[in-house]
Amino acid sequence: MTTLDEIAGHFGQYGGRFVPEALIGALEELDAARIKAQTDPTFIAELAELHRTYTGRPSILTEAKRFAEHAGGAQILLKREDLNHTGSHKINNVLGQALLTKRMGKKRIIAETGAGQHGVASATAAALMGLECVVYMGEEDTKRQALNVARMKLLGAEVIPVTSGSRTLKDAINEAMRDWVTNVETTHYMLGTVAGPHPFPSMVRDFHKIIGEESREQVLALTGKLPTAVLACVGGGSNAIGIFHRFISDPEVRLIGLEAAGDGVETGRHAATITGGTPGVLHGNRTYVLQDENGQTIESHSISAGLDYPGVGPEHAYLHDIGRAEYRAITDAQAMHAFALLCKTEGIIPAIETAHALAGALQIGNELGPDAILLINLSGRGDKDVHTAAQYFGIPL
Amino acid sequence: MSTPLDDLFVKVRSENRAALIAYIPAGFPTIEGCKKVIQAFVEGGVDAIEIGFPYSDPVMDGPTIQAAADQSLSQGTNAADVFAALKVATDSGVPAVVMTYWNPIEKYGVEKFAQSIAANGGSGVITPDLTIEESTGWKSAVEKNEINPIYVVAPSTSAQRLPQVTSRCGGFVYAASLMGVTGTRAAVSSGAPDLVARIRETTELPVAVGLGVSTREQAKGVAGYADGVIVGSAFIKAMQDAPNEAEGLKSVKELAQQLSLGVREGR
Ligand SMILES: Cc1ncc(COP(=O)(O)O)c(C=O)c1O
């Protein structure tokens, strides 16, 4: 019998499980399945084969020389998760979770989505593996990301617009949790980031850590050195933890997460949870939260739907507190500047989420100069954002 | 030391009936209106009152309680208003508890929250998203302040885990009648009697059943096997569906009267 003290899933004071008792059984079942799969050669081979023949892994490393001229001449290396099938890092996690879903004998998956990338990835995995798929998406986001709504529907998923609360990602998660409490016997909740109750933060990280494992070798092969810094945007934090994780035990490598500052952290209209939040509990785990003095969640704001979330993964909260990773906030304007710059200097249209990491690279490159090697997680491509960007830059549609 | 809630269950057991426990979020329909709802509960004969702490992300609640929480929060309901509502209930002589998601407790201060419950005459706190694994600090705070920690168990709670949870409870064990969120239902889940029986194998504590009870008939059915019947969404709907506050209060009182007959008819 397990004692209360042995229950894992904490990162220092963060993480854990704050959920209705009804979900504990499913979380334990999931934890057992993912631990078993970690050492099961059949599972490992199956996932590796899917990544090779379906995702398109390993993703390549692209040196961005013309962009680098604007980043203090630092060497800029882009880890091209945007070239994955479905256009972002999100596919790494969903293929892993879909295989686990089948192993648990469940036939239906539910997912939340902000930008729609995780929803599209989930719908894709469901189509591939013959699972029923329901995606909850804030009504506000269904408008911002209409293209991705259509993609999910083409892939056979049902998209349910969520009209409660702020009608964005946090409310989509609430609604998915309510569905899960009700249908937990037949349904797996395919959470899209490194948040939520244990084991989600650890499990989702483990499905994404391939990003850091591949890119560490690629950077070493190309430069003979480890990067000076690794940069990634942080919404819930899955692409960031994925590229950071293999480097945590390389103390000389700086790990830098870029949060969304929206109109500016000082305006209160932002989504920079670590920079501007305080420790609390949201969506099943203890972490940094944007909250008021009564513990009510404050609505976040960002031009990027995928970063527009008032919480953050608990492992990031911990890495911040122990000083192993640094977190900075990038405004909408800074992100859109970097977005346009990458388009015009490298011929790559990034996701607006990713543009926050690129804006961070411009800052850090100028601080460190030409000797620095910066590895940036190019977490997604910008097709879904063409409408928003065109509006932002005044391009008539 | 026993709380007024403990004493209530001794009394209803001696009367061979179940207790009627009524829920209302603080600040609903308004901060003052909530106090009138509490008065209507008392006049309608409820045995105990649950004051809800409205929360921005209520993952255990269906549309009715979500809407009530939103309405309350839009008027700025805060912890002080929750404790004020609690005091209105306890001053009227009815045992009362607060039901809240965990984050508002953590933000207010765990020790201080337990103290404020006791200071306002409250008997305990229902914490629907606090797992026993995360409850170490809360356990010492409730023990120190001699209030009842009430945890929710579900039909999916395993045989191994059930005694671990019920042994942490005080006052009563909250049995969620079904897998799902709060809200009125056409019928109370057929799984509820089974869950209550499983709970009784692990504890002597009273067991109260919540989720989906809204009518006298349903209350009567639940009272046949449980010590308490918890009703929330039905009272909120009565207020929401009424043309004005006075009519709403009248239907709340009438519903309470009906339900309190139901809890006496079960055995
Ligand atoms: C391309 C891209 N990058 C980043 C994110 C943010 O998520 P996370 O912080 O979990 O990587 C999203 C979310 O939708 C995304 O689509």
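These are my notebook entries on the ligand site and some backbone features of a predicted model.

**Ligand shell**

I started with the residues around the ligand. There are 19 of them. I listed those that come nearest: A:Thr193, A:Gly235, A:Gly237, A:Ser238 and A:Ser379. Then I sorted the shell by class. I got twelve polar residues, five nonpolar ones and two charged ones.

**Polar contacts**

Next I looked up side chains with a polar atom by a ligand oxygen. I noted A:Ser238, where a polar side-chain atom lies 2.7 Å from an oxygen atom of the ligand. A:Ser238 is also one of the residues that come nearest to the ligand. For A:His89, I read a distance of 3.1 Å from a polar side-chain atom to a ligand oxygen. For A:Lys90, the corresponding distance is 3.2 Å. My cut-off for a polar contact was 3.5 Å between N or O atoms, so these pairs count.

**Burial and position**

How much of the ligand's accessible area does the protein cover? I found 97% of the 400 Å² that the ligand has on its own. I then checked the cavities. The ligand sits in the largest cavity. I also asked which elements give two or more residues to the shell around the ligand. They are α11 (238–244) and α15 (352–368), both of chain A.

Why does the ligand lie between two domains of chain A? I traced the shell residues back to their domains. Domain 1 (11–52 + 89–204) gives some, and domain 2 (58–87 + 209–393) gives some too, so the ligand lies between them.

**Backbone entries**

I moved on to the backbone. Most peptide bonds are trans, and most residues other than glycine have a negative phi. I logged the following departures.

- In chain A, the bond joining A:Arg57 and A:Pro58 is cis, with omega about -5 degrees. I placed A:Pro58 in the loop between α2 (41–55) and β3 (61–63) of chain A.
- In chain B, I found a cis peptide bond from B:Phe28 to B:Pro29, with omega near 0 degrees. B:Pro29 belongs to the loop that runs between β1 (19–25) and α2 (31–44) of chain B.
- A:Arg167 is not a glycine, yet I read a positive phi of about 60 degrees for this residue. I located A:Arg167 in the loop between β7 (158–162) and α8 (169–183) of chain A.

Conventions: Residues are numbered from 1 along each chain as its sequence is written. Chains are lettered from A and ligands numbered from 1 in the order in which they are written. This is a predicted model: local features need pLDDT of at least 70, side-chain atom pairs count only at pLDDT 80 or more; totals for chains, interfaces and linings use all residues. Side-chain values use heavy atoms; hydrogens and water are left out. A residue is near a molecule or strand if one of its heavy atoms lies within 4 Å of it. A polar contact is a pair of N or O atoms within 3.5 Å; within protein, one must be able to donate a hydrogen and the other to accept it, and residues adjacent in sequence count only if both atoms are side-chain atoms. Accessible areas come from the Shrake-Rupley method with a 1.4 Å probe; for residues, only the protein chains shown count as cover. On a 1 Å grid over the protein atoms alone, a cavity is a set of points where a 1.4 Å probe fits but cannot get out, and a pocket is an open set with protein on both sides within 12 Å along at least five of seven lines; lining residues have an atom within 4 Å of a point. A molecule sits in a cavity or pocket if more than half of its atoms lie within 2 Å of its grid points. Helices (H or I, at least four residues) and strands (E, at least two) are DSSP runs, numbered from the N terminus. Ala, Val, Leu, Ile, Met, Phe, Trp, Tyr, Cys and Pro count as nonpolar, Asp, Glu, Lys and Arg as charged, and the others, Gly among them, as polar. Domain bounds come from an automatic or database domain assignment.
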